[in-house]
Amino acid sequence: MIEVRDLQVRYGGRLVADVPVLDVGAGECVAIVGESGSGKSTTLLALLGLTENAEISGQIGVCGVDVLTASPRALREIRGARAALVMQSPQAALGPATRLGVLMRRALKLHGRDASGANMAKAVEEVLLDREILRRYPHEISGGQAQRFAIALAIALGAEVILADEPTSALDVTVQAEVVGVLRRLREERGLALLLVSHDLALVSTIADRVLVMKDGAVVESGPAAGVLAEPSHPYTRELLEALP
Amino acid sequence: MTMLRAESVTLGYARNPVVHDVTLDITEGGVGLIGESGSGKTTLARAFLGLLTPMSGNIWYGDQTLKKSDLRKFRKDVQPVFQAEALDPRMRVGTSIAEALPRAARSRVTELLEQVGLDPDLATRRPHQLSGGQRQRVVIARALAVGPRLLILDEPTSALDVTVQARILDLLASLDTERLLITHNLAVVERLCRTSHVLFAGRVVESGPTGDLLAAPAHPYTLALRDAVPKLGGDPPQAKGRTEAVPAATGCAYRLRCPLAVPECERPPAPRDVQGRQVACHRAEDVLGVT
Amino acid sequence: GGQVRGAGGTPEPATSTATGTATGGQPAATRSGQANDTTFVYAPNLDVVTDWDPATSYSNEIVALSNIYEGLTRYNSQTKTTEPRLATEWTSSGDGKEWTFKLRQNVKFHSGATLDAEAAKKAIERTIEKKGGAAYIWDPVDKIEAVDAGTLKFTLKYASPLDLIASSGYAAHIYDVDAVDADGKKTAGTGPYTIDSWQKGKETELTLKAYEGYWGGWKPEQYKKVAFRVTPEITTAWQLLQRGEVNFVERLNPQLFAQAGTTQAVQTSQSPSFQNLLVLFNTAEGPAKDVRVRQALQLAIDYDGLAGALKGAGLKASGLVPQGLLGHATGMEPKQDLAKAQALLAEAGYGPDNPELKLSMTYAQGDEDQKLLVTLLSSALTKMNVTLQAKPMTWSAQWDLGKKQGQDIFVMYWYPDYPDAYSWFLNVFKSADKPQFNLSYLKNGDIDSAIGKLPELTATDKAMAEREYGELQKKIIQEEAAVAVPYVQTYQRALSSDVRGYVDNPAYPNVVFFYDLTRAG
Amino acid sequence: MTDVETAPLRRTLPRLPDRFAALGAVLIVLVVLAAILAPWLAPYPVDEPKPLEALLPPSGAHWFGTDQVGRDVLTRILYGGRTSLFIAVAVLAVSALVGVALGVVAGYAGGWLRDVIMRVTDVFLAFPALLLSLALAVVLQPSVNTVILAIAVTWWPWYARLAASVAASIATRGYVDAARCLGVPAPLIILRHVVPNSLTPVLVQLSLDAGGVILTSAALSYLGLGAQEPTAEWGLMVQQGQTLFTTNWWVVTFPGLAILVTAFAFNVLGEGLRNALDPRRVVK
Amino acid sequence: MLRYLARRLGQALLVVAGVVVLTFVVMRLVPGDPAVAFAGPKATPEQLAEARARFGLDDPLYVQLVNYARDLVSGDWGTSLRTRQPVRDDLYVAFPASLELVGTALLIAVVAGIPIGVLAARFKTKFPDFGVRVGSMLAVSVPVFWLALVLQTVFATNLGWFPIAGEYDSSLDRTSPLTLWTNITIVDALITGNWPIFTSTLQHLVLPALVVAAYPVGVIAQMTRAALIEESGQDHARLERALGFGETSILTKFALRPALNPVLSLIALVFAYAIVNGFLVEAVFNWPGLGRYAVESIRSLDTPAIAGVTLLVALVYVLANLVVDILQGFVDPRTRMR
Ligand SMILES: Nc1ncnc2c1ncn2[C@@H]1O[C@H](COP(=O)(O)OP(=O)(O)OP(=O)(O)O)[C@@H](O)[C@H]1O
Ligand SMILES: Nc1ncnc2c1ncn2[C@@H]1O[C@H](COP(=O)(O)OP(=O)(O)OP(=O)(O)O)[C@@H](O)[C@H]1O
Ligand SMILES: [Mg+2]
Ligand SMILES: [Mg+2]
Ligand code: NI
C-alpha cells in the first residue's frame, strides 16, 4: 500500500524528516512515534503530497502511484478515494459550515462513488454512529464522533489505507478507547492498512504491528512493535520507555 | 490536617453553574483531582486559589472562610502551577520570578532557579527562548518564590513529551510542599497523591485513597477511566458503555453512559461510604463486584 | 394603496407610455413638442419654498411667489421707475402723505374671487397684522380705505414713497385672504402661474402651471409650465444647462460664466445688483474703536485684486448705495494703500515694531466670495503684524454673536427689500440700543437725525434727497470709517439660448418673470 | 470581537511580509519627508495670494498650477501634508490613549464595569465617525482642532473595544492569574502584564487607521467643517476647487491625488504590519 | 436562540437610548439659537419669543430631554428650521432615495467584491492577487468626493455615457407618473411596471452607485480574500485536500461560507459607512437623499434636522447590526450557539 524510500523533507533547507524506508502492506498497522517536532506529521503529510512549500526528495508510492511525480489530478484521485487521512483535532478538521452529510455526499460524488443516503448511512453505522449524525454540523458533535466520522468517510470512499495523525491525542481516554476500537475492528474485518502517528508509546504498543521511532527528523529505530518495545536498541527509545509510568 | 476545604461549593461562569455542591478537603500527602475534559477541574482549582468566588458554599482556609481571611498570608501559602501561558511572553523569566519578591530578595532568583534544576543564566531569557520543560520549571520556581505550603497544579505536564514529563514529576515529588494535582493521567496521580477525587460533570463521584481507588473502582466512571488507559504491550483499551452521551441533567449524571444503569439511577445518588471510600453511585457494590 | 408622485399634478394625456412599452430612457426634456408644451426649468441651488404665506414669506420662494402673486406696482430697474401692475395709475398728495391707487379691472384671483379695493385692503392689512417677514415696509401706513371697488387710498404717518414700497418683492403681494394655504396645495394670487405640484425634498421640488384666467391672457409661445429643479452644485447646474435639461441658472462661477459666453446652446445675462458686501467694523469696543485702526483696515483691503479675482461677478463699489438706486454716489471708489494703512496703524500703536494686533472677524460659511476677501485681507494684514482670526459661521450663529458685539469685524451682504437706498441707512447705520443690523454699533446723533429725514425728502424732493444721501455716505465711510464696501455683486445668469425676453431685474433678486419669456422657433 | 493573538512585537516587527507592504513603507517615508521638509521644498510662500496670477495652468514655474487666488498648488499640497499628518497623529494618539486606558480597565475588571464601558462605546460606535464628527463640527467652530476632537470622539471606542477584548483574553491567561496569586495589586498587573501584551493589536490598528483618519478629516474639510482658509489642507483644496474642475482641472486633481496616495500608503503599510504581527484578523 | 435574540434586542434598545441622549446633548450645545434660525434673519423680537416658546427652549434641560424622547417615540421628530416641515416627513422623502443609492452600491459591492476576493485567494501571491490587492487598496483609499467629481466629469460630462445628476428624468413625472408604495423609486417603478422611470433611474444610478460602492467593494474583496486564505489554511481545508478536492472547490464549497461570517459583520458597518459616504457623493450627483439633506441642514445649522439625520443613521446602524447578527447564524452555524 505504502512504499517509501529515502524520503527527505526540508523546510527552507532545514531537514525535518528523513525516512529511509517505510512500508505498509494491506491489513498492516504501522506506527510512528516520537517527541514533539520530530517530523512525524511532516512525514505523513508528505505521503499524500499535502505539505506546503516543502522540498521533498526520495520516492513515495501510495497505492501504486508515485506521489512525487504524479500529476495534481492523479494525486487528487488517490486522495480520499484510496488513501484517507484522519487528523488530530477532531472538530477543527471538519469545515464549520458544512453538514457532515453534505461533506460526505460531495466527497462521494467527487470520486464517482454511490452517494445515496443508504450508502452513507451504512458507512456511518459501521463506525457505530447514528445515521442522524449526517444532518449535524461539526460543532454539534463530540470529538470522538468527529474522529469516527472521519473514519466513516474513508470507509464510504472505499479507501484502502488510513493515515491517522494523532487521531486520539485530543480525546479523553475513555473516548480514545472507543476510536481505537473502531480502527482495530476495521483492520480485522476489512483488511484496511493503517499508518498511525502518535506520541503515546503505550497506545501504539497495543495496536501496531511495526513501529518507527523518530527523533529530530531521523528514524532512530524501527521494527516489529513487540521487539522494539521489549528490547529497545536506541537509547532514545529506552528513555521513552522508562518515562512511561 | 486540612489546609483548604471546599464546603458545598457551587461554581460557575456568568451564573451558569459548572461545579455543583462539591465538598472536598485538601489533606496531607497530595490530593489528586481526576476527570474528563470540561468536568470542572480547573474551575475548582481557581476557586481554591481565590480567583473565583463561589456562587454558594465556602472555601475554608484554616478556620476562616477565604472571604474573611488574611489574603496576604493566604497568597504566601497557596500558589498555582498552571500549564498554559503561565509566563508573560514579554518578560524576562528572571523578572517573572522576582515579581513577588521584595526588592532586597531579588538575589534569590538564582537560588530558586537552581532549586528547580535550571541554569541561573537562563534568567535573562524570555519564555519563547526556553523549551517547554524549562518553562514549566520556571513556573514552579516562581511559585516557590514566596515559600508556599500548598501548590495547586493544573495539568502541569500534559503538554510535555513523556521524557520531559517524567523529569518534571520527579521535581514535584522532591518538593516538600503539599499539593493539589489536577490531571487526567491516572499514572501521575498514582505517583504523587495519597488521596484522589474523581470528578464527573461538576460533581465528585468518588473519593478515597488513590491506590484503592485504582485497584478497585467503586464508581462505573472510575472503572471506565481506568480500563481505557492503554498498557504497554497490553490489550487494546476497552470502551465501556457509550462515551458520547452528554451528562444527564437530572438524576445520576453518568447514567446515560453507564453500562449498569437501572431505573433507580434517575434519582440523584447521594455520596456514601463504601469500603472506606466516598462514592456517589447506587450500584457501587455491583461495580466493586466486577473488579 | 399607492400614491402618485407629485400628487395634485396633472399628468399629460398618456399618449405614449402609461405603463407598458419602454421608451428607453431618452431624456424626455429634449422631446420637441408645441411651444406651449415645453416646460421652463429653473435650477435653484437651495430650497424652492420655505413659506407659502404671501404675507410672511421672506426667503428663496420670492422666485416662485413673484410669478404667482402680484403687487400694486412693479419696479423697472431700467427706467428706475415704478410701473403699473395691479394698480393702473396712482397719485400722491404734495406732502407725500396721501396715496391713491386705481385698481385694474376684471382681475380674478386663482380662487375665483374678483380683485377689488376691499380685497386688496384686506390683504395688506393681513400682512401688516402678521408682522412677519418684511411687513415692516408698511410701517408708514396709518390708514387704508377702499374708496370704491376700483380705488384704494392710503393715509401715511409720515411721507414715504409708497409706490416704491408697493413694488416690494416681499410683503407687498395682493392676495385673496380667504384662500391662503400655508401647505402649498392652492394659491390665492392673481399672477400668471399657480401650483401644479409641490413636494419638498424631491429633486424637482415645485412645478407651476399657467393660470388660464390670467388678466394678461396667454400666447402660444409662452411657457405654460415651469419646473424648479434643485441643483446645489454650480458645475452640475452648468452641465444640465448645456444639455438642455435646465433652462436657467441663477449663478455660475466666473470661470464657468466665461465658458458660458462661448457656448452655443447657452446665452448669458449680466447686470449689476442691489446687493453689496459690507465689512462692518466694531466702533464701540475693542481695537477697532480707534478710528485710525478702522481706516487702516479700510485701506488694507485689496479692492482691485478682489474685483479682479471675481472676474466680473462683483464690481468695485462706490459708496454704500449701489448704482441704479436713488442716492448712489459716484467717485467714492476705495483703493488699497498699504503704506498709509501701516502709518495709521503705527499712530494707533500697532504694526511691525509694536505688539501683535489680533482682530476677530466673522463671515458667512460657504460663501466663496467672502472667503476670497478673507484670504486677501488676512495675508495683507499679516505683513503688518495684524492677525485676522476669521471664522466662517452660519448666519444665525454669526448674527447671535454680532448682537452681543462679539467680533471686531462683521461681514455681510445687504440689499433693500424694496428698491430704495433708505434701507442701508435705517437698518444698518441708525443707532440702536439693541443692535439688530446695526452691527458696526455706530452711535452718532447727527447721522441718526439725517437718516430720519430721508423718507420725506425722497417722497418730496428727490434732488435734495440725493445730496443728503451723498453727505451721509461720506460721514459714515470716510469720517466714521464704520464700514468698508468692497464690491457690489453682479448677477451673472446663464440660460438656454432659445429663451427670449429675459431681463434681469435686480429689484427682485433671482426672480425670473416666466410670463415675459417666450421660446424661439 | 475576536480575541487577538498577541505575538510579541520584538520578534516580528522588523520583517515586512512582502513587496506590497514595502511599497507602502516607501510611500509613507516620501509623504512624511515631503511634509516635514515642506518649508524647504516648497517653491513659493504658502499663503501669499496673487489674485492676478489666479488659475494658471501647470507650467515650469508652477508645476501643479495656481489656485483661485493665485497661490502655488504644489506648495499648498506640500504644506497640506503637514496638516493631514498632524491631524492623523493627534487623533490616533488621543483615541488610543483614551480608548486603551478605558478598554484595558473594562477588559480586566469585567463585570458591571465592563458592561457600562462597553455600552457607552456601543453608543458612540452607533454613530459612523463622519456623522458624529459632522454634528460636533457644527457645534464647535470649524478648525483643525475641532476636526481632531470630533474624529477622536468617534474613534476612541474602537480602541476601547479592541483593548477590552484583548485585555479580557489576557486577563484569563495563566500569567495574570499567577500574578494575582502572588499578591500583585491589580493596577500593577494591568500596567505590567495587561497593557504591554495588549499593545501589538493596538499598534496594528493604529497603522490601519491612519489612512481612515486622513480620509475622514479630508471629508470634513471638504464639507467646510474642518480646516479653514488660509490653512493648507487637501480636502479643503478639493472643495474650493470643485466648481472649477471642468474649467481648471489641476486645482482639484492634485489635492485629490495627494489624499489618495497618502491614504493608500498608510493602508498598505497597515495591512502589511497586520499580516506580520497579527495573522488572525481583528474585524473592525 | 430566542433568549439570545431577546438579549440582543435589549442591548440594541439600550444603545438606542444612549444615542438619543447623546444626540440631544450634542444638539443642545449648538451656539446658534435655533429660534433665530427658524424665525429668519430679519425677525422681530416677538417672533423670536414665539419661536422660543414653540421649541420649548425656555424649559430646564432635563425636561427638554424627556420631552424630546417622548416626542421621538410618538413620532414627532421636530420641525426642520430650514424646510419648516416635520423632520420626519423630510426624512421620509430623503431616506428612501439614500437607501436606493446605498442599497445598489452594496449590491454591487457584494456581487463584485466577493468573487474578486475569491479570485485573489485562489491565486494568492500570484499576479491576479497582486492586482486585486492594489486595486482594492486604492478603492478604500480614494476620497469619495473626489472620485465622484472625476467620474462625473469623465463619464458624464466628457463622454456623455451617463446622465450628469439627479435620480431620474423628472419630466417623466408628467409622461408616466409613478405610483408610490415604498417611496424607493426604483422599487416602485419595478413593482408598478413603470419602465420609463425604471430605466431612467437605473441610468442615473450607475455613476453615484459606483462611487459609493468603491469603498465597500474594496473592503469586501480584502476581507473575503483574507478570510478565505485564513480559512483555507485551517485544519479542515487539509482534510478536504486529503479527500481529493481541488483548491477552487475547497474555496467555494467549504471555505466561503464560514469566511462570509466576518464579511457579513463588516457589511453592517460598511452599510452605515456607505450612507455617510453618500453624504459626500449625493451633493455632487444631486441625489435627493439623506446626504444632500444633511449637508444642507448643516450649512443652515438646522438643529432638529441634523438631530433627525444623526438619529436615523444611528438607528439604521443598530438595526443593521442586529440583522447581521441574526444572518450570521444562518451563514455560520457555530454562531447560533452563543
Ligand atoms: N509548514 C512548515 N513550515 C516550516 N516548518 C515546519 C512546517 N511544518 C512543520 N515544520 C517544522 O518541521 C518540524 C517537524 O514538524 P512536525 O509537525 O512534523 O512534528 P511532529 O512530530 O508532528 O510534532 P508534534 O508531535 O508536535 O505534532 C518542526 O520543527 C516544525 O517546526
Ligand atoms: N471562563 C469561562 N467562562 C465560561 N465558561 C467556562 C469558563 N471556563 C470554563 N468554562 C466552562 O466550565 C466547564 C468546566 O471547565 P473547566 O475548565 O473547569 O474544565 P476542566 O475539567 O479543567 O477541563 P480540561 O480538562 O479540559 O481542562 C466547561 O464546560 C467549560 O466550558
Ligand atoms: Mg504532529
Ligand atoms: Mg482544565
Ligand atoms: Ni437626466
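The legends below accompany close-up views of a predicted model.

**View 1. Which chains meet, and which stay apart.** Let's start with the overall pattern of contacts. Six pairs of chains are in contact, and the pair formed by chains C and E shares the most contacts. Chains B and E do not touch, with 13 Å between their nearest C-alpha atoms. Chains A and C have no contact either, and their closest C-alpha atoms are 43 Å apart.

**View 2. The interface between chain A and chain E.** Here chain A contributes 27 residues and chain E contributes 22 residues to the contact. Together they bury about 2,200 Å², and carbon and sulfur atoms account for 68% of that area. On the chain A side, look for A:P96, A:R106 and A:H139: this trio supplies 24% of the area that chain A buries against chain E, more than any other three residues.

**View 3. Polar details and building blocks on the chain A side.** Between chain A and chain E there is one salt bridge. It pairs A:E52 with E:R241, and the closest N and O atoms are 3.4 Å apart. Five residue pairs are in polar contact across this interface, both partners being at pLDDT 80 or more. Three elements of chain A give two or more residues to the side touching chain E: β6 (83–86), α3 (100–110) and α5 (143–157). Of these, α3(A) has the largest share, with four residues. By residue type, this side of chain A has 17 nonpolar, six polar and four charged residues.

**View 4. Two domains within chain B.** The domain assignment splits chain B into domain 1 (2–215) and domain 2 (220–291). Their centres, taken over C-alpha atoms, are separated by 27 Å. Domain 1 of chain B brings 18 residues to the contact, and domain 2 of chain B brings 14 residues. The area buried between these domains is about 1,400 Å², with 59% of it on carbon and sulfur atoms.

**View 5. A closer look at the domain boundary in chain B.** Two salt bridges link domain 1 and domain 2 of chain B. In one salt bridge, the side chains of B:E206 and B:R277 meet at 3.2 Å, N to O. Eight residue pairs, both residues at pLDDT 80 or more, are in polar contact between the domains. On the domain 1 side, the elements that give two or more residues are β3 (31–35), β9 (195–200), β10 (203–209) and α8 (210–215) of chain B. The strand to find is β10(B), which gives the most to this side, with six residues. The domain 1 side divides into 12 nonpolar, three polar and three charged residues.

Key
Residues are numbered from 1 along each chain as its sequence is written. Chains are lettered from A and ligands numbered from 1 in the order in which they are written. This is a predicted model: local features need pLDDT of at least 70, side-chain atom pairs count only at pLDDT 80 or more; totals for chains, interfaces and linings use all residues. Side-chain values use heavy atoms; hydrogens and water are left out. Contact means heavy atoms within 4.5 Å. Buried area is the accessible area (1.4 Å probe) that two parts lose on being put together, summed over both. A salt bridge is a side-chain nitrogen of Lys or Arg within 4 Å of a carboxyl oxygen of Asp or Glu. A polar contact is a pair of N or O atoms within 3.5 Å; within protein, one must be able to donate a hydrogen and the other to accept it, and residues adjacent in sequence count only if both atoms are side-chain atoms. Ala, Val, Leu, Ile, Met, Phe, Trp, Tyr, Cys and Pro count as nonpolar, Asp, Glu, Lys and Arg as charged, and the others, Gly among them, as polar. Domain bounds come from an automatic or database domain assignment.
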